[in-house]
Amino acid sequence: MTVPRQPSSPDSPDSPDPADGGGGPREGRRHMIRRRWLTATIIVLLIGVPAGYLVISANQSRNSGRDKEAKYSATGLTAGWPSKVQRRLYDVPIPRYSREVAYYETNNWRTSRLYAQFLTSNEGLDKFLKQIGSSTKTLKKNDITISKRDRKVVGWEFTDPGPWLGLTHVKKDPAPTLDVVVNRGNPKHPMVYVVSTTTP
């Protein structure tokens, strides 16, 4: 009497691997280790490399911010935008997307001043002047309207190649008077310096 052959256990070394469609031999240990090592390396590269770039970028941004703060603190200026309240109070509507923005405010019992600077576009300059009630037509060549005293307060030295243009926009008290100086050394991106003075 012959005993029927029993099917092999799925865990038997001779049984086909279901992952291979049920037909091929099982994966060898060495091949499995190599495949897992390769998978782990790919995962590390996919996650680690972008994370590394983010860390480097954050450090560069932080260092850049510190450099600006150090540069401006030596002159009394604060890197960044004046608050909305300050911009409204002193009538200094800095255009959106401006760069190299910095400011400084002084107050005493007689007068208050806001010193501000920003790098903008030609369109930004036109918009700024229009919002304060002036225009580019009122800018006069080589007219440095910001006084030596005010320049000294924040360390502005208008010695770079120009052309330099300026204007003074006077308003009735208590509205502020604005002294504006523009460096057009870069024809597409004027650098604007403003001193707004209010007398309470």
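In the predicted model, Ile 42 is partly exposed, with a relative accessibility of 43%. This residue belongs to helix H1, which spans residues 29-73. Ile 42 is also one of the members of a nonpolar surface patch, together with Trp 37, Leu 38, Ile 43, Leu 46 and Ile 47. The combined accessible area of these six side-chain-bearing residues is about 670 Å². In soluble globular proteins, nonpolar side chains tend to be buried together.

Confidence was examined for the chain as a whole. The mean pLDDT is 82, and 72% of the residues reach 70 or more. Residues 68-74 fall below a pLDDT of 50, and this stretch has nine contacts in the model beyond near neighbours in sequence. Where pLDDT is low, the predicted coordinates should not be read in detail.

Buried nonpolar residues were then considered. The largest nonpolar core comprises 20 residues, and those with the most contacts inside it are Val 92, Phe 128, Val 180, Val 192 and Val 194. At least two residues of this core are supplied by each of E2, E3, helix H3 (122-131), E5, E6 and strand E7 (191-198). For Val 192, contacts outside the range of four places in sequence involve Ala 116, Gln 117, Phe 118, Thr 120, Leu 125, Phe 128, Val 180, Val 181 and Val 182. Another core, of 13 residues, lies apart from the largest one and includes Trp 164, Met 191, Tyr 193 and Val 195.

Charged side chains were treated next. Side chains of opposite charge can pair when their charged atoms come close. Three salt bridges are found in a search of the whole structure. One of them joins Asp 91 to Lys 171, with a separation of 2.2 Å between the closest N and O atoms. Asp 91 is located in the loop between helix H2 (84-89) and strand E2 (99-107), and Lys 171 in the loop between strand E5 (164-169) and strand E6 (177-183); the pair therefore ties together parts that are 80 residues apart in sequence. Asp 91 has a relative accessibility of 17% and so counts as buried, whereas Lys 171, at 26%, counts as partly exposed.

Asp 91 is also in contact with Gln 86, a residue of helix H2. Gln 86 is buried, its relative accessible area being 14%. When neighbours within four places in sequence are left aside, Gln 86 further contacts Tyr 103, Glu 105 and Leu 114.

A second pairing is formed by Arg 113 and Asp 150, whose closest N and O atoms are 3.6 Å apart. Because Arg 113 lies in strand E3 (residues 112-119) and Asp 150 in helix H4 (residues 148-154), this pair ties together parts that are 37 residues apart in sequence. Both partners count as buried, with relative accessibilities of 17% for Arg 113 and 6% for Asp 150. Asp 150 additionally meets the side chain of Arg 149 in a salt bridge, at an N to O distance of 2.5 Å. Arg 149 is partly exposed, with a relative accessible area of 49%. Arg 113, Arg 149 and Asp 150 are thus linked in a network of salt bridges.

Methods: Residues numbered from 1 in each chain as written. Heavy atoms only, no water. Salt bridge = Lys/Arg side-chain N within 4 Å of Asp/Glu carboxyl O. Helix = DSSP H or I, 4+ residues; strand = E, 2+ residues; numbered from the N terminus. Buried < 20%, exposed > 50% of the residue type's maximum accessible area, 1.4 Å probe, protein only. Patch = residues over 30% accessible without salt bridge, like charges linked within 9 Å, V, L, I, M, F, W, Y side chains within 5 Å. Areas by Shrake-Rupley, 256 points an atom, 1.4 Å probe, with all protein chains shown as cover. pLDDT = per-residue confidence, 0-100. Contact = heavy atoms within 4.5 Å. Core = buried A, V, L, I, M, F, W, Y, C linked by side-chain atoms within 4.5 Å.
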